[in-house]
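User: Please go through this structure with me. I would like each term set against its definition.

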Amino acid sequence: MVDGVDAQGWSDVAVGWAELWGSFAEPAQDALIAASAIGHGMAVLDVGCGSGEFLARLRRVGAEPVGADPAPHMVAAASVHADVVLADAERLPFESGRFDVVTAVNALQFAGNTPAALAEFARVLAPGGRIAIANWAEGAHNDIDVIERAVAAALDEEQLPDGPLRPAGGLEQAMTDASLEVLSTGIVDVPWRAAGETVLVRGILLGEDAATMAELHSVIVEAAAPFRTSDGGYVLRNAFRWAVARPR
Ligand SMILES: C[S@@+](CC[C@H](N)C(=O)[O-])C[C@H]1O[C@@H](n2cnc3c(N)ncnc32)[C@H](O)[C@@H]1O
């Protein structure tokens, strides 16, 4: 429910993000590592790095990661894993040609200007480098969409439409428009797990106050009933699309 918030909003939810969502994109991270052949000694910039779980993963495969994020508390959390700068995607404070790979997971959609962000990724890339991006697939692939629809209906609000990066071909189009050559693409399952009702509601309503959580608790629990597991937890099956490209 944090779509649409600004950098300060992301900063405010940094601790909750790390706890509830920080690791869930791991399958997409792995897809990017494999597809862009990230390995030992490679300089990798993760843009919109959030609380830094991908930076830790990159370090484990031998890469030398650096993070960038415009939310101060995200930067503080991620700095445990690597050097992290306070910056947004459109203005990266690095010299040209510094990185072998630039990644962005569940982050490019927050850049105000997608072509400018992708041009900036290309600028900081060394010759032969790769840009590797993963983002939510369109709502039809995501159990969370069922819950967000129920919440929007309960609040008598319109559900946010899928952004242009989500549908099949959307990421590729954005890359092509930014003079990048798309090398490979895919879609990967990215399930999100909640141990019980309380975690489910906190995760879905991350950033909302306690009164809103109480008001919407039963709406969310009812909508999530199909995704309840025998141990009382929940597994929401979702998908990310990913693409790897290089400058033309
Ligand atoms: C959904 S979180 C994802 C964090 C992390 N990449 C992950 O997969 O867990 C989105 C992140 O994008 C950051 N963000 C927001 N606006 C941004 C921008 N213009 N450029 C780069 N990152 C941005 C937020 O501060 C937040 O940390």
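Analyst: The ligand is surrounded by 17 residues, and the closest are Trp17, Gly48, Asp69, Ala89 and Val105. This is a predicted model, in which local features need pLDDT of at least 70 and side-chain atom pairs count only at pLDDT 80 or more, while totals for chains, interfaces and linings use all residues. Residues are numbered from 1 along each chain as its sequence is written, and side-chain values use heavy atoms, with hydrogens and water left out.

User: What makes a residue near the ligand?

Analyst: A residue is near a molecule if one of its heavy atoms lies within 4 Å of it.

User: What makes the pair formed by an oxygen atom of the ligand and the side chain of Trp17 a polar contact?

Analyst: A polar contact is a pair of N or O atoms within 3.5 Å. The ligand oxygen is 3.1 Å from an N or O atom in the Trp17 side chain, so the pair qualifies. A nitrogen atom of the ligand is 2.7 Å from a polar backbone atom of Gly48, and a nitrogen atom of the ligand is 2.9 Å from a polar backbone atom of Ala89.

User: How much of the ligand's accessible area does the protein cover?

Analyst: The protein covers 95% of the 590 Å² that the ligand has on its own, with areas from the Shrake-Rupley method and a 1.4 Å probe.

User: Why is α9 called roughly perpendicular to α10?

Analyst: The axes of α9 (residues 197–204) and α10 (residues 210–223) come within 10 Å and cross at roughly 110°. Angles of 65 to 115 degrees count as roughly perpendicular, so α9 is roughly perpendicular to α10. Axes are lines fitted to C-alpha atoms, with angles from 0 to 180 degrees between N-to-C directions; helices are DSSP runs (H or I, at least four residues).

User: Which residues make the contact of α9 with α10?

Analyst: Glu197, Leu200, Val201, Arg202 and Ile204 of α9 meet Met213, His217, Ile220 and Val221 of α10, where contact means heavy atoms within 4.5 Å.

Technical notes. Helix = DSSP H or I, 4+ residues; strand = E, 2+ residues; numbered from the N terminus. Parallel < 35°, antiparallel > 145°, perpendicular 65-115°, else oblique. Polar contact = N/O pair within 3.5 Å; in protein donor to acceptor, adjacent residues only side chain to side chain.
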